[in-house]
Each structure stands twice: as structure tokens, then as C-alpha cells.
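User: I've got a structure open and I'd like to work through it by asking questions. Can you walk me through it?

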Amino acid sequence: MKSITENLNTIKKELNPNVKLIAVSKTQAIESIIEAYNCGQYDFGENKVQELSAKYEQLKNLNIKWHFIGHLQTNKVKYIINFIDTIHSVDSFKLLTEIDRLSKQNNISTNCLLQFHIAKEDSKYGLTLADAENILNSDKFKNLKNISICGVMGMATYTDDISIIRSEFRNLKNIFDKLKANYFSTNNTFCEISMGMSNDYKIAIEEGSTMLRMGTTIFGMRNYNK
Ligand SMILES: *Cc1c(COP(=O)(O)O)cnc(C)c1O
């Protein structure tokens, strides 16, 4: 088995500098995060509020940018709002409103990505294009001043069939392009397409990803029984 340092160096050599790598550290030990950090990896992704808060507390002194990538319950936003860099998984107007409300309270602006449902599996969260248009057209949305919509996020179907994965990523890129043209054409912060995980990141890059969320390839297999 290769070390985290070796894995990171291998991946980084493959990546074009305009694609950001988010190291998905869920279930991984603090020491593993520190090892990645020590080779210059500063962006980390977590999908559980409790786990993220605990890791944040232990790693406060490091210059880590934390990304929230899992389903976020509205009533848990308060636990991460004052340190989170980007929330990738905004999947309802209610959640967006709460992020805005707490950001205002903390005198900050929070980076958000709209999560879209692009996979065949129905267990995954996410908006449809119509949902997103309803949000972006609403007067209530225009009153949210403490959020910054930075782009879109999606997860492809977990399958070996490359053509399915590719068409789902292409769909997300099309959604991004439509929203960019119709709502964010003069807004340079709307520029991110968060797609691609360990098993499909190469396809994601070919289809226009700007943010890869990779765990297993960097840290090895996750152990959920610890
Ligand atoms: C776990 C997870 C990843 C990383 O998965 P790997 O297959 O380990 O790269 C990426 N995105 C989300 C939303 C995840 O939950």
C-alpha cells in the first residue's frame, strides 16, 4: 500500500492547476489529515456535521479550508457556519435561507454550491433544473445577501458503465452553462463544477469539472466500523 504522500503526489501530477482537489477525509484519522496537509493539501471535505466539528476543533491551528459535501440538515447549519469554507450540498431553498440567516448573524458570507440530482439512483439528494430556476427566480432569493452561489455539484451513478457516468456529468455541465447564461452571466464567482470522485474523476475532468472530491484514492479504503 502506498502512503498518503505518495498518493497525493501521483494525483497532483495528473491534474491541471485549474482543477481543485478536495481531499475527502470522512472516517479518516486526524494523523492522516495532517499527513496530507503537510504535503500542501489544504482543502478537505467531510459529510457529517458531528465528525467535521470534532476534526475542526482538533485542527483549528492549521490553515485548512473545510468543504461540506454531505446532506446538511437545516437545524445543523449552526454547528459549522463559523468555520466552513464552502457548502457543496445545498439542495433546498429552506437550507439556503438558513445558511444566509446564520451567515448574516456572524457577519460573513458563505460559499454555496447547488447540488443537482444527476444519477439514476433515487437515494441521492439534489435539485432538478426546474427546482433551481424556481429558487433563482424568486424574490425571496434576491433578499439573501450573505450567501455566494459559486456553482453546482453532483454525483454520478455508481457504475462501471462509463457512458452513463459521462452523460450524467455532461448533464451537470449543461445545467451549469444554462444557469451561468441566465442568472450569473456577470457574476464571476459562479464558476465551479464540483464533480468527480475516486472512481470517475478522469471522466469528470474531461467533462469540465473544476473541483474533484476524492477520498479513497488519497487515503485508501474507508473503515466505517471504527
Ligand atoms: C465520500 C464522498 C466522496 C469521495 O468518495 P471516494 O470514492 O472515496 O473518492 C466524494 N463526494 C461525496 C459527496 C462523498 O460523500
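**Strands first, then the ligand**

Analyst: Sure, and keep in mind that this is a predicted model. Strand β1 (residues 20–24) and strand β8 (residues 211–214) run parallel, joined by four bridges.

User: Which residue in β8 is the bridge partner of Ile 22?

Analyst: Ile 22 sits in β1, the strand that runs parallel to β8. Look across to β8, and the partner you find there is Arg 213.

User: Is β1 largely enclosed or not, and why?

Analyst: A residue counts as buried when its relative accessible area is under 20%. In β1, four of the five residues pass that test, so the rest of the structure leaves the strand largely enclosed.

User: What does β1 pair with besides β8, and which residue stands opposite Val 24?

Analyst: β1 also pairs with β2, in the parallel sense, over two bridges. Across from Val 24, in β2, you'll see Gly 45.

User: Which hand does the crossover from β1 to β2 have?

Analyst: Follow the chain out of β1: it goes through helix α2 (residues 30–38) and then into β2. That makes a β-α-β crossover, and its hand is right-handed.

User: Which helix belongs to the β-α-β unit of β2 and β3?

Analyst: Strand β2 (residues 43–46) runs parallel to strand β3 (residues 65–68), with four bridges between them. One bridge pairs Asp 43 with Lys 65. The two strands form a right-handed unit together with residues 49–59, which are helix α3.

User: How many bridges join β3 to β4, and which residue does Trp 66 stand opposite?

Analyst: β3 and strand β4 (residues 84–90) run parallel, and the bridges joining them number three. Trp 66 stands opposite a residue in β4, namely Ile 84.

User: Now the ligand. Which residue has a polar side-chain atom 2.9 Å from a nitrogen atom of the ligand?

Analyst: The residues surrounding the ligand include Val 24, Arg 213, Thr 216 and Arg 222. Thr 216 has a side-chain N or O atom 2.5 Å from a ligand oxygen, and for Arg 222 such a distance to a ligand oxygen is 2.6 Å. The one at 2.9 Å from a ligand nitrogen is Arg 213.

User: How much of the ligand's accessible area does the protein cover?

Analyst: On its own, the ligand has 380 Å² of accessible area. The share covered by the protein is 91%.

User: How many residues of each class make up the shell around the ligand?

Analyst: Met 155 and Lys 26 are among the residues around the ligand. Methionine counts as nonpolar and lysine as charged. Sorted that way, the shell has five nonpolar, three polar and three charged residues.

Terms used. Residues are numbered from 1 along each chain as its sequence is written. This is a predicted model: local features need pLDDT of at least 70, side-chain atom pairs count only at pLDDT 80 or more; totals for chains, interfaces and linings use all residues. Side-chain values use heavy atoms; hydrogens and water are left out. A residue is near a molecule or strand if one of its heavy atoms lies within 4 Å of it. A polar contact is a pair of N or O atoms within 3.5 Å; within protein, one must be able to donate a hydrogen and the other to accept it, and residues adjacent in sequence count only if both atoms are side-chain atoms. Accessible areas come from the Shrake-Rupley method with a 1.4 Å probe; for residues, only the protein chains shown count as cover. Two strands pair if DSSP finds at least two bridges between them. A crossover is right-handed if, with the strands pointing away from the viewer, the path from the first strand over the helix to the second runs clockwise. Buried means under 20% relative accessible area, exposed over 50%, partly exposed in between (1.4 Å probe, protein chains only).
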